[in-house]
Amino acid sequence: MTRKIGSLSLVLLSFLFLVILYSVFTLQRIDGELREVAEIDVPLAETMADIETLQLKQHLVLEQLELAQLGVEAAPLEVFRAHRSALLQALNKAEKVLDNALRRHQLRLDIGQHRDVLRKIDALKQSCETFEQAIVNVLALPVRKEADWQALEPHANRLDQHMEAMLAALDNLTLEAARYTEKHEREFMLVNAVLGISALGIGLYLTLYIIDVLRRRIGRLQGDLDSLQLSLASGEPITVSPATGVRYVDELGTLEQDLRAMIASLSQRFADRRAVEKSLLELATQDKLTGAGNRHKWEEQLQLELSLAARGGHFSLIMIDVDHFKRINDRHGHDVGDRVLKRMAARLRERLRSSDQLFRLGGEEFAILLRQLELTTALTLADELRALLGSDPDSALPPFSVSMGVTEYRPGDDATLLVKRADAALYAAKSQGRDCVQSA
């Protein structure tokens, strides 16, 4: 039993182990992908913060250019170049991150968005160079007019637009990275949920399976024990239903087989005892040769019928004697004589009712108790029996005839009086030439 449960547990735990391996592999893949996304997302987020700061500073630079137009600011070019250097440093950092991702084929996000960001970075760099060159050209003029300074405004607006477009592209890319991360977080939760549900399901299945197996098999053992207890209480043989289904080779299976073997042995002993009791009863109550009741059974049954008749019942009695039976033994041998007696008893039983009882009183003398039968009917039946025995079709036996004496119960009769009257009727039949029926 332990091995079977252990084997089932091993199978289920193996399945759980495979689920765990798959989950670990999936989690490692998710972790690797998130790391790759983080290698892009985190630097770009930092760069985006730097560029947003530089965008604010760019507005200050443009204000300084306006002051330079009024003659308040003396060095607008140096200020712009410092701003441009910081901006290029941030843009180069972003380009490096994106170029490395493209070169190593580690992109988990939309490659089109990466390339769009790179294009906007290039456009922003070119716009910075163009704006710087425009400032240089204005500052190189010997006389700067207001129109010259106003010509820088389109360049400044274009630079600001490129900055906004590049920041928007970076923002879309970081949002995509956030969505990708959220998606994998959901996958991670799903894997954990599947793993937990699998473990719970396997545990429940194993528990319910063990409970069901133990309940069914212990129930079968309990049924066999109940049958054994009932048999011991009643003394009757036990009917054990044959084992069906799978035969279990374990502790409970061995116990069940041993119990069934013990029940079968006990049942066989009960059956043997009943057979012995039946044989003893037959020996005590039946004539061994003919199967008819013996003299002991005759005396017992006659007293019972007399008791029933004394309380209002009725019966008749036929005494039978085989004619010239000694002559049959002398001419054909005792074995043929025995066969004649057996054949006669068998023929009589074929015609008698189930309530009628046939007895062999000794030698060739027989008696029949006819319950609830009047004398006239008993005489008719006796004559039929006589004719039946006289016309036996068995050619292997010598022909024989019988004489019969018939009487019925009369109030006040006892066993001696009743039998004496029947014997007198039988003697009268023999005196009148045998092979006839007489009543008394």
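**Exercise 1. Decide whether Arg434 is buried, partly exposed or exposed, and say what its phi looks like.**

Step 1: find the residue. In this predicted model, Arg434 sits in the loop between α11 (415-431) and β5.

Step 2: check its cover. The relative accessible area of Arg434 is 32%. Buried means under 20% and exposed means over 50%, so Arg434 comes out as partly exposed.

Step 3: look at the backbone. Most residues other than glycine have a negative phi. Arg434 isn't a glycine, yet its phi is positive, at about 70°.

**Exercise 2. Do the same job for Asp435: give its place, its phi and its exposure.**

Step 1: Asp435 belongs to the loop between α11 and β5.

Step 2: its phi is positive too, near 50°, and Asp435 is another residue other than glycine.

Step 3: with a relative accessible area of 34%, Asp435 is partly exposed.

**Exercise 3. Work out the strand order of the sheet and pick out its edge strands.**

Step 1: write down the order. The five strands form an open sheet, arranged β2-β3-β1-β4-β5, and the pairing is mixed.

Step 2: pick the edges. β2 (357-362) and β5 (437-439) each pair on one side only, which makes them the edge strands.

Step 3: add the twist. Going from one strand to the next, it averages 20°.

**Exercise 4. Describe how β1 is paired and how well it is covered.**

Step 1: take the β3 side. β1 pairs with β3 (residues 365-371) in the antiparallel sense, over seven bridges. As a landmark, look for Phe315 opposite Arg371 of β3.

Step 2: take the β4 side. Here β1 pairs with β4 (residues 402-408), again antiparallel and over seven bridges. The landmark this time is Met319, which faces Gly405 in β4.

Step 3: sort the side chains. Phe315, Leu317, Met319 and Asp321 point one way from β1, while Ser316, Ile318, Ile320 and Val322 point the other way. Both sets are buried.

Step 4: draw the conclusion. Eight of the eight residues of β1 (residues 315-322) are buried, so the strand is largely enclosed by the rest of the structure.

**Exercise 5. Trace the link between β2 and β3, and explain why β2 counts as largely enclosed.**

Step 1: count the bridges. β2 and β3 run antiparallel, and five bridges join them.

Step 2: find partners. Leu358 has Ile368 in β3 as its bridge partner, and Gly362 stands opposite Glu365 in β3.

Step 3: look at the turn. β2 and β3 make a hairpin with two residues between them. One turn residue, Gly363, has a positive phi of about 60°.

Step 4: check the cover. Five of the six residues of β2 are buried, so β2 is largely enclosed by the rest of the structure.

**Exercise 6. Describe how α9 packs against α10, then place α10 relative to the sheet strands.**

Step 1: get the geometry. α9 (residues 334-351) and α10 (residues 375-390) pack at an angle of about 135°, and their axes are 10 Å apart.

Step 2: name the arrangement. That angle makes α9 oblique to α10, and the crossing of the two helices is right-handed.

Step 3: list the contact residues. α9 brings Met344, Arg347, Leu348 and Arg351. From α10 come Leu381, Glu384, Leu385, Leu388 and Leu389.

Step 4: turn to the strands. α10 lies across β1, β3, β4 and β5, and runs at about 165° to β4.

**Exercise 7. Say whether Ala156 is buried or exposed, and give its distance from Cys128.**

Step 1: Ala156 is part of helix α5 (residues 152-234).

Step 2: its relative accessible area is 9%, so Ala156 is buried.

Step 3: Ala156 and Cys128 are 28 residues apart in sequence, and their C-alpha atoms are 8.9 Å apart in space.

**Exercise 8. Sum up the whole chain in a few numbers.**

Step 1: count the elements. There are eleven helices and five strands.

Step 2: check burial. The chain has 440 residues, and 39% of them count as buried.

Step 3: look at the surface. About 25,200 Å² is exposed, with carbon and sulfur atoms supplying 56% of it.

Step 4: finish with contacts. Among contacts between residues at least 6 apart in sequence, 76% join residues at least 24 apart.

Notes. Residues are numbered from 1 along each chain as its sequence is written. This is a predicted model: local features need pLDDT of at least 70, side-chain atom pairs count only at pLDDT 80 or more; totals for chains, interfaces and linings use all residues. Side-chain values use heavy atoms; hydrogens and water are left out. Buried means under 20% relative accessible area, exposed over 50%, partly exposed in between (1.4 Å probe, protein chains only). Helices (H or I, at least four residues) and strands (E, at least two) are DSSP runs, numbered from the N terminus. Two strands pair if DSSP finds at least two bridges between them. Contact means heavy atoms within 4.5 Å. Accessible areas come from the Shrake-Rupley method with a 1.4 Å probe; for residues, only the protein chains shown count as cover. Axes are lines fitted to C-alpha atoms, for helices over the stretch in contact, and angles run from 0 to 180 degrees between N-to-C directions. Angles under 35 degrees count as roughly parallel, over 145 as roughly antiparallel, 65 to 115 as roughly perpendicular and the rest as oblique. A crossing is left-handed if the near helix is turned anticlockwise from the far one by less than a right angle, and right-handed if clockwise.
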